[in-house]
Amino acid sequence: MTEDTSHSPAPVADPIDPTTTAAWSALEEHDDHLEGSLREWFAADPERAARLTHDAADLHVDLSKNLVTPETVDLLLDLGRAVGLEARRDAMFAGTHLNTSEDRAVLHTALRRPSGAEPALEVDGQDVDHDVHEVLRRIYAFADSVRSGAWTGVTGKRIRTVVNIGIGGSDLGPVMVYEALRPLADAGIEARFISNIDPTDAYETTADLDPETTLVIVASKTFTTLETITNARLVRTWLLDGLRSSGAITADQEKDAVAKHFAAVSTALDKVADFGIDTDNAFGFWNWVGGRYSVDSAIGTVLAVALGPAVFEELLAGFHDLDEHFRTAPLESNVPVLMGLINVWNVNFLQAETHAVLPYSQYLHRFPAYLQQLTMESNGKSVRWDGTTVTTETGEVYWGEPGTNGQHAFYQLIHQGTRIIPADFIAFATPVRPLQDGDQDVHELFLANFFAQTKALAFGKTAEEVRAEGTTGALVAAREFSGDRPTTSIIAPALTPRVLGQLIALYEHITFVEGTVWGINSFDQWGVELGKQLAKELAPAVAGDEQAIDAQDSSTAELIRYYRAHRERA
């Protein structure tokens with residue numbers, strides 16, 4: 001199938017209220033009369049697992065342990081079609097301004113289009129492919145110079161640590177990818193990350209670093225993000241103080257030191273220059289890239305430096321693999337479509353409120369946190385893209401931890417609690433670090449837990465089975481497991497950069513599917529603005545302005561007074 005990128009973006013259609021569709025009514029009727037359990041459904045249909053398992057690039061996805069029947073899936077697909085899912089998907093890839101509140105295209109998928117892709121993508125008069133690959137070329141050249149040692153600090157020493165300063169999408173994505181792929185960091189360069197405006201974050205991250213061998217990347221599109229620019233100034237002070245105190249530089253070399261130890265990811269070149277960063281070392285991206293969708297943009301510069309351009313290219317290829325699957329696969333076998341629609345089923349018909357993501361890979365320990373921003377900032381909304389109120393429950397609270405740690409913490413609630421918590425289990429056939437404990441392959445022991453948990457959640461343990469083990473009395477009920485706890489299993493050959501890109505894009509497109517059904521603009525984030533605005537307004541009160549304190553509500557005023565009474569200063 002050829003992607004149509006030649007036309008001008010069309011106007012955005014009004015959202016279709018899903019609850020007014022025949023498909024929604026059919027799902028309500030189906031839900032009311034749905035009978036049986038996973039035990040019964042598997043026993044009645046030997047082909048259930050095969051029927052509900054699909055491949056998306058290198059991801060093997062088993063949906064069979066969800067609380068759906070083939071009829072449920074068919075009705076969900078009808079719902080997707082009824083709300084115009086296919087047309088909206090195609091509009092996104094074509095550059096239609098789906099971000100209606102900011103009048104912007106949604107083109108994170110363009111960040112990973114291969115060079116020379118046909119037809120060329122032009123949106124709003126911009127040659128998108130050319131611009132994307134020109135920025136990548138500059139990033140790769142910069143990364144190669146740092147990795148090779150051609151780029152040095154102001155004293156001529158090689159860079160050994162790159163510190164990324166950003167917040168939100170400028171931090172969560174790079175941190176997650178670096179942690180996932182850190183075994184591939186082969187140039188002797190460690191990456192570290194500062195995001196929190198809590199001063200201890202900047203302090204602890206730099207405490208044991210050598211300013212002479214540290215490169216800092218400041219990631220802020222506008223170069224005005226409060227947390228990021230505050231931290232950038234703190235680290236600049238740390239670097240210059242350290243270089244001066246060691247005698248490495250004199251006062252008249254400070255400008256050169258900043259230029260040799262700082263780079264930027266920003267389009268505000270005037271502010272970048274005012275900070276002291278050479279604008280030749282500033283890498284931009286566009287307003288059609290949202291922060292939580294930006295790890296494969298210039299925001300990933302820290303990854304290109306620490307892991308290398310070849311790794312970053314492979315990551316982009318994985319993203320594109322899933323983009324093409326989402327764009328071209330029939331809905332019946334389209335994994336992000338199916339997973340997104342099943343999430344809608346869980347939220348709107350089974351009343352699930354949270355969603356666990358449980359990677360059986362320690363290297364993915366930051367993946368749940370990354371997904372929290374991707375999913376909750378995208379779909380945590382009560383207004384549709386035309387400004388009207390939503391007509392359904394929206395959003396899911398995403399959370400999770402790597403297995404088997406979670407098994408010894410919160411799995412109790414998932415197994416035997418009173419709430420249904422759908423869970424995605426993620427694993428890899430080949431470990432990054434294979435180890436043996438005597439004759440025991442430890443990865444096989446690890447994955448035995450992966451397989452066991454989804455089996456236990458699906459099929460449970462009956463009272464009769466508990467009694468057959470010799471348990472009696474009141475303890476029988478405590479050891480009984482109801483089963484019918486929905487899970488999706490995702491397994492891939494190995495955690496490679498390409499597979500990681502596929503996994504991230506999978507959840508991007510799942511988020512899009514849910515937002516389309518709910519009529520949500522998944523690409524703005526006005527809900528984060530009020531708190532930031534109030535923080536600026538409260539700054540005088542926190543600093544001790546009594547008139548400003550008195551102007552607050554009684555709770556806020558008393559909290560500020562408590563803070564001021566107990567604040568100790570050196």
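Reader: In this structure, which residue of β7 is the bridge partner of Val 162?

Author: The model is a predicted one, and in it Leu 215 is the bridge partner of Val 162.

Reader: What makes β5 and β7 a pair of strands?

Author: Two strands count as paired when at least two bridges are found between them. Strand β5 (residues 161-165) and strand β7 (residues 214-219) have five bridges, in the parallel sense. The criterion is at least two bridges, so β5 and β7 qualify as a pair.

Reader: To which sheet do these strands belong, and what makes a strand of that sheet an edge strand?

Author: They belong to an open sheet of five strands, in the order β6-β5-β7-β8-β9, and the pairing is parallel. An edge strand pairs on one side only, as is the case for β6 (190-194) and β9 (282-283). Helix α8 (residues 199-206) packs on this sheet, where it touches β5 and β6, and its direction makes about 165 degrees with that of β6.

Reader: Why is the pairing in the six-stranded sheet called mixed?

Author: The order of that open sheet is β1-β2-β15-β12-β10-β11. Strands of a sheet can pair either parallel or antiparallel. Here β12 (residues 423-430) and β15 (residues 487-494) pair in the parallel sense over seven bridges, whereas β1 and β2 pair in the antiparallel sense over four bridges. β2 and β15 are likewise antiparallel, over three bridges. Both senses are present, and the pairing is accordingly described as mixed.

Reader: Which residues stand opposite one another in these pairs?

Author: Between β12 and β15, Ala 423 stands opposite Thr 487. Val 61 in β2 is the bridge partner of His 54, and Val 61 also stands opposite Ile 490 in β15.

Reader: Which helices are in contact with this sheet, and at what angles do they run?

Author: Helix α17 (residues 442-459) packs on the sheet, touching β12 and β15, and its direction makes about 150 degrees with that of β12. Helix α20 (residues 497-518) lies across β1, β2 (59-62), β10 (354-359), β11, β12 and β15, and runs at about 155 degrees to β15. An angle over 145 degrees counts as roughly antiparallel, so α20 is roughly antiparallel to β15.

Reader: What makes Ala 57 notable?

Author: Ala 57 has a positive phi of about 55 degrees although it is not a glycine. Most residues other than glycine have a negative phi. Ala 57 lies in the turn of the hairpin formed by β1 and β2, which have two residues between them.

Reader: Why are α1 and α4 called roughly antiparallel?

Author: Helix α1 (residues 22-33) and helix α4 (residues 70-82) pack at an angle of about 160 degrees, with their axes 8 Å apart. The cut-off for roughly antiparallel is over 145 degrees, and α1 and α4 therefore fall in that class. Their crossing is left-handed.

Reader: Which residues form this contact, and how are they divided by class?

Author: Ala 23, Trp 24, Ala 26, Leu 27 and His 30 in α1 meet residues of α4, among them Leu 75, Leu 76 and Leu 79. The residues of the contact divide into eight nonpolar, two polar and two charged.

Reader: Why is the pair of Tyr 360 and Phe 450 called edge-to-face?

Author: Rings pair if their centres lie within 6.5 Å, and planes over 60 degrees apart count as edge-to-face. Tyr 360 and Phe 450 are 5.6 Å apart centre to centre, with 70 degrees between the planes, so they meet both conditions. Tyr 360 lies in the loop between β10 and α15 (367-379) and Phe 450 in helix α17, so the pair ties together parts that are 90 residues apart in sequence.

Reader: Where are cis peptide bonds found, and what are their omega values?

Author: One joins Glu 118 and Pro 119, with omega about -10 degrees. Pro 119 is in the loop between α5 (85-94) and β3 (122-123). Another joins Gly 403 and Thr 404, with omega about 5 degrees, and Thr 404 is placed in the loop between β11 and α16 (411-416). Most peptide bonds are trans.

Note on methods: Residues numbered from 1 in each chain as written. Predicted model: local features only at pLDDT ≥ 70, side-chain atom pairs only at ≥ 80, totals over all residues. Heavy atoms only, no water. Contact = heavy atoms within 4.5 Å. Axes fitted to C-alpha atoms, helices over the stretch in contact; angles between N-to-C directions. Parallel < 35°, antiparallel > 145°, perpendicular 65-115°, else oblique. Left-handed = near helix turned anticlockwise from the far one by under 90°. Nonpolar A, V, L, I, M, F, W, Y, C, P; charged D, E, K, R; others polar. Phe/Tyr/Trp six-rings, centres within 6.5 Å; stacked < 30°, edge-to-face > 60°.
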